Amino acid sequence: MIVEADALAPQPWKNGGGRTRELLREPAAGDWRLRLSLADIDADGPFSAFPGVERWFVVLEGDGVELRFADRRQALRPGDPPLRFDGAEAPHC
């Protein structure tokens, strides 16, 4: 299946700091078990917490980001490997 990101309507984040295009969601309705999304970050702010979810984060383009966790900081730039972290953590980005 090919999903064209530009064909998907972006959904604004609750904190107003960006938008997400949901590329894949299983199941399609209700609480998801798997979700693949593409985000545009407009402003600094916190991630949403997703307890019980394993998150993977990768920077595809732009200047990169710095994630500030409670116990560490992690800089990510385009070309870096994906970062895996506990969804209960809500780092500041």
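Let us start at arginine 73, which counts as exposed because its relative accessibility is 57% (buried means under 20% relative accessible area, exposed over 50%, and partly exposed in between, with a 1.4 Å probe and protein chains only). What you see here is a predicted model, in which local features need pLDDT of at least 70 and side-chain atom pairs count only at pLDDT 80 or more, while totals for chains, interfaces and linings use all residues. Residues are numbered from 1 along each chain as its sequence is written, and side-chain values use heavy atoms, with hydrogens and water left out.

Which residue does arginine 73 meet in a salt bridge? The partner is glutamate 66, and the N to O distance is 2.9 Å. A salt bridge here is a side-chain nitrogen of Lys or Arg within 4 Å of a carboxyl oxygen of Asp or Glu. Side chains of opposite charge can pair when their charged atoms come close. Glutamate 66 itself is partly exposed, with a relative accessible area of 35%.

Glutamate 66 also takes us into strand 5 (strands, E, of at least two residues, and helices, H or I, of at least four, are DSSP runs numbered from the N terminus). In a regular strand the side chains alternate between the two faces of the sheet. Strand 5 shows this alternation: Val65 and Leu67 point to one face and are buried, while Glu66 and Arg68 point to the other and are not. Strand 5 pairs with strand 6 in the antiparallel sense over four bridges; two strands pair if DSSP finds at least two bridges between them. Look for valine 65 and you will find its bridge partner, leucine 76, in strand 6. Together, strand 5 and strand 6 form a hairpin with four residues between them.

Next comes arginine 72, which forms a salt bridge with glutamate 89, with the closest N and O atoms 3.5 Å apart. This pair links distant parts of the chain, 17 residues apart: arginine 72 is in the loop between strand 5 (65-68) and strand 6 (73-76), and glutamate 89 is in the segment after strand 7 (83-86). Arginine 72 counts as partly exposed because its relative accessibility is 31%, and glutamate 89 is partly exposed too, with a relative accessible area of 25%.

Arginine 72 has another neighbour to show you: it lies over the face of phenylalanine 69, at 3.8 Å from the ring centre. A charge sits over a ring if NZ of Lys or CZ of Arg is within 6 Å of the ring centre and within 35 degrees of the ring normal. Phenylalanine 69 belongs to a cluster, in which ring pairs link Phe47, Phe57, Phe69 and Phe85. Rings of Phe, Tyr and Trp (its six-membered ring) pair if their centres lie within 6.5 Å; planes under 30 degrees apart count as stacked, over 60 as edge-to-face and the rest as tilted.

How many aromatic pairs does the whole structure have? A search finds four. One of them joins phenylalanine 47 and phenylalanine 57 edge-to-face, at 5.4 Å centre to centre with 65° between the planes. Phenylalanine 47 is in the loop between strand 3 and strand 4 (54-57), and phenylalanine 57 is in strand 4, ten residues apart. Phenylalanine 47 counts as buried at 14% relative accessibility, and phenylalanine 57 is buried with a relative accessible area of 15%.

Now back to charged pairs, since the structure holds nine salt bridges. In one of these, the side chains of arginine 35 and glutamate 22 meet at 2.8 Å, N to O. Arginine 35 lies in strand 3 (residues 34-41) and glutamate 22 in strand 2 (residues 18-26), so the pair ties together parts that are 13 residues apart in sequence. Salt bridges also link Arg19, Arg21, Asp40 and Asp42 in a network.

Let us finish in strand 2, where arginine 21 is found. Is arginine 21 buried or exposed? Arginine 21 is buried, with a relative accessible area of 15%. Its side chain reaches the backbone oxygen of leucine 8 at 3.1 Å. Threonine 20 is in strand 2 as well, and counts as buried at 10% relative accessibility. The side chain of threonine 20 makes a polar contact with the side chain of tryptophan 13 at 2.5 Å. A polar contact is a pair of N or O atoms within 3.5 Å; within protein, one must be able to donate a hydrogen and the other to accept it, and residues adjacent in sequence count only if both atoms are side-chain atoms.
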